[in-house]
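Biologist: Before we discuss this model, I should like each label to be justified by its value and its cut-off. Shall we proceed in that manner?

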Amino acid sequence: MVQNGQTAAERAEIRENQVNWVLRVRRGDEAAMDALVSMHRQRLIRVASNVLRDRHEAEDVAQESFLKAFREIRKLRDDRAFSGYIYRICVRLCMDRLRSRKPTSEMIEHGDGTSGSKVETKVLVERLLQELTPDLRMTLVLREMEELSYDEVAELMQVPVGTVRSRLHAARNRFRELWIDSTGEAHL
Amino acid sequence: MNEERDFLSDLLRDASVEVEESSEFNDRVIRRWKLEQHRKKMMYWAPTMAGAIVAGVGFLAMLQIMTAQPIQSPAELESQTAELELPTQNLPSLVDDAS
């Protein structure tokens, strides 16, 4: 989980701080918890928002992820791995939420998806994403919106890289079909 | 094919959610954590507290039994009430007879 725009020295310092905070969280230090939350909250909320498409639910999932991580921090063998650990928890909780959602029977309106405004396109993309199965949606979001590598997606979803590739292929094809159905444009 | 993929990637990236910084988020997490710990402590001590309450009630009941009068039979009770009956006929009248 490499953050963009940081030098190697900065990354090393952040990693060291994080190890220190994890150690303190193990002893129940609330200031260290606060520091870890500040460090990861934005990314966690963004991932959850992109997957769930609901700001409030995303915040709730992010909070739940932190609580679960702090509760089970004794299970974490390597303190340097907290980043991956918290994102894995968040992804799992998002998947649980998606699976527990009732499938919507909302019909996709046929119209000019790309010729409309940016907002309209965004709304359409959101609705098309909801048509995908939880596994396909999560893979597509992590790869395309979060711009993670195949290995990172595989690690977060705890599946082999080959599965990520095949899911991504299926997700793109399904999304393309839905896009064509909804906009009538065949160039995607 | 690559063009299509790029278009799809751009489309999805544009639809990515912008996250606003929420200052209350950290407080909410810490508050929920504290509440959870408090609840955990309560759950841990609940059996001990329940045991202490039961023991206390038992102790009070025992004290009550030990200090209470022995229960009397109906025959004994009747003889006692007969003894306690006041000789009302010899008592002076409080009402003025002349009036």
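Biologist: Why is B:Trp45 called partly exposed?

Modeller: The model is predicted, and in it B:Trp45 has a relative accessibility of 46%. Buried would require under 20% and exposed over 50%, so B:Trp45, at 46%, counts as partly exposed. The residue is found in helix H2 of chain B, which spans residues 24-67.

Biologist: What makes B:Tyr44, B:Trp45 and B:Met49 a nonpolar patch?

Modeller: Members of a patch need over 30% relative accessible area, and nonpolar side chains are joined within 5 Å. B:Trp45 has 46%, and together with B:Tyr44 and B:Met49 it forms a patch on the surface with about 390 Å² of accessible area.

Biologist: What makes the patch of B:Glu3, B:Asp6, B:Asp10 and B:Asp14 negative?

Modeller: Asp and Glu count as negative, and like charges are joined within 9 Å; B:Glu3, B:Asp6, B:Asp10 and B:Asp14 therefore form a negative surface patch. One of them, B:Asp14, lies in helix H1 of chain B, residues 2-14.

Biologist: How do you know that B:Lys34 and A:Glu30 meet in a salt bridge?

Modeller: The cut-off is a side-chain nitrogen of Lys or Arg within 4 Å of a carboxyl oxygen of Asp or Glu. The N to O distance for B:Lys34 and A:Glu30 is 3.6 Å, so the pair satisfies the criterion. The pair crosses between chains, with B:Lys34 in helix H2 of chain B and A:Glu30 in helix H2 (residues 30-52) of chain A. By this rule, the count over all chains comes to 23 salt bridges.

Biologist: Are these two partners buried or partly exposed?

Modeller: B:Lys34 has a relative accessible area of 46% and is partly exposed. A:Glu30, at 31%, also counts as partly exposed, because partly exposed runs between 20% and 50%.

Biologist: What is the distance in the salt bridge of A:Arg55 and A:Glu59, and where do these residues lie?

Modeller: Their side chains meet at 2.6 Å, N to O, and the limit is 4 Å. Both residues lie in helix H3 of chain A (residues 55-71), four residues apart, about one turn of the helix. An α-helix has 3.6 residues a turn, so residues three or four places apart point the same way.

Biologist: Which of A:Arg55 and A:Glu59 is buried?

Modeller: A:Glu59 is buried, because its relative accessible area is 9% and the cut-off is under 20%. A:Arg55, at 30%, counts as partly exposed.

Biologist: Why are A:Lys68 and A:Glu72 called partly exposed?

Modeller: A:Lys68 has 22% relative accessibility, and A:Glu72 has a relative accessible area of 22%. Buried means under 20%, so both residues count as partly exposed. They form a salt bridge, with the closest N and O atoms 3.4 Å apart.

Biologist: Which residues are linked in a network of salt bridges?

Modeller: The network links A:Glu57, A:Asp60, A:Glu64, A:Arg71, A:Arg97, A:Arg101, B:Arg32 and B:Glu36.

Biologist: What is notable about the phi of A:Arg53?

Modeller: Phi of A:Arg53 is near 60°, a positive value in a residue other than glycine. Most residues other than glycine have a negative phi. A:Arg53 is found in the loop between H2 and H3 of chain A. At 12% relative accessibility, A:Arg53 counts as buried, because the cut-off is under 20%.

Biologist: Is A:Gln158 buried or exposed?

Modeller: A:Gln158 is exposed, because its relative accessible area is 52% and the threshold is over 50%. Its place is in the loop between H7 and H8 of chain A, and its phi is also positive, near 55°.

Biologist: Which residues of helix H7 of chain A are buried, and what covers them?

Modeller: In helix H7 (residues 150-157), the buried residues are A:Glu152, A:Val153, A:Ala154, A:Leu156 and A:Met157. Their cover includes helix H4 (82-100), helix H6 (134-145) and helix H8 (161-183) of chain A.

Biologist: How many helices and strands does chain A have, and how much of the chain is buried?

Modeller: Chain A has eight helices and zero strands. Of its 188 residues, 45% count as buried.

Key:
Residues are numbered from 1 along each chain as its sequence is written. Chains are lettered from A and ligands numbered from 1 in the order in which they are written. This is a predicted model: local features need pLDDT of at least 70, side-chain atom pairs count only at pLDDT 80 or more; totals for chains, interfaces and linings use all residues. Side-chain values use heavy atoms; hydrogens and water are left out. Helices (H or I, at least four residues) and strands (E, at least two) are DSSP runs, numbered from the N terminus. Buried means under 20% relative accessible area, exposed over 50%, partly exposed in between (1.4 Å probe, protein chains only). Accessible areas come from the Shrake-Rupley method with a 1.4 Å probe; for residues, only the protein chains shown count as cover. The place of a charge is taken as NZ of Lys, CZ of Arg, CG of Asp or CD of Glu. Contact means heavy atoms within 4.5 Å.
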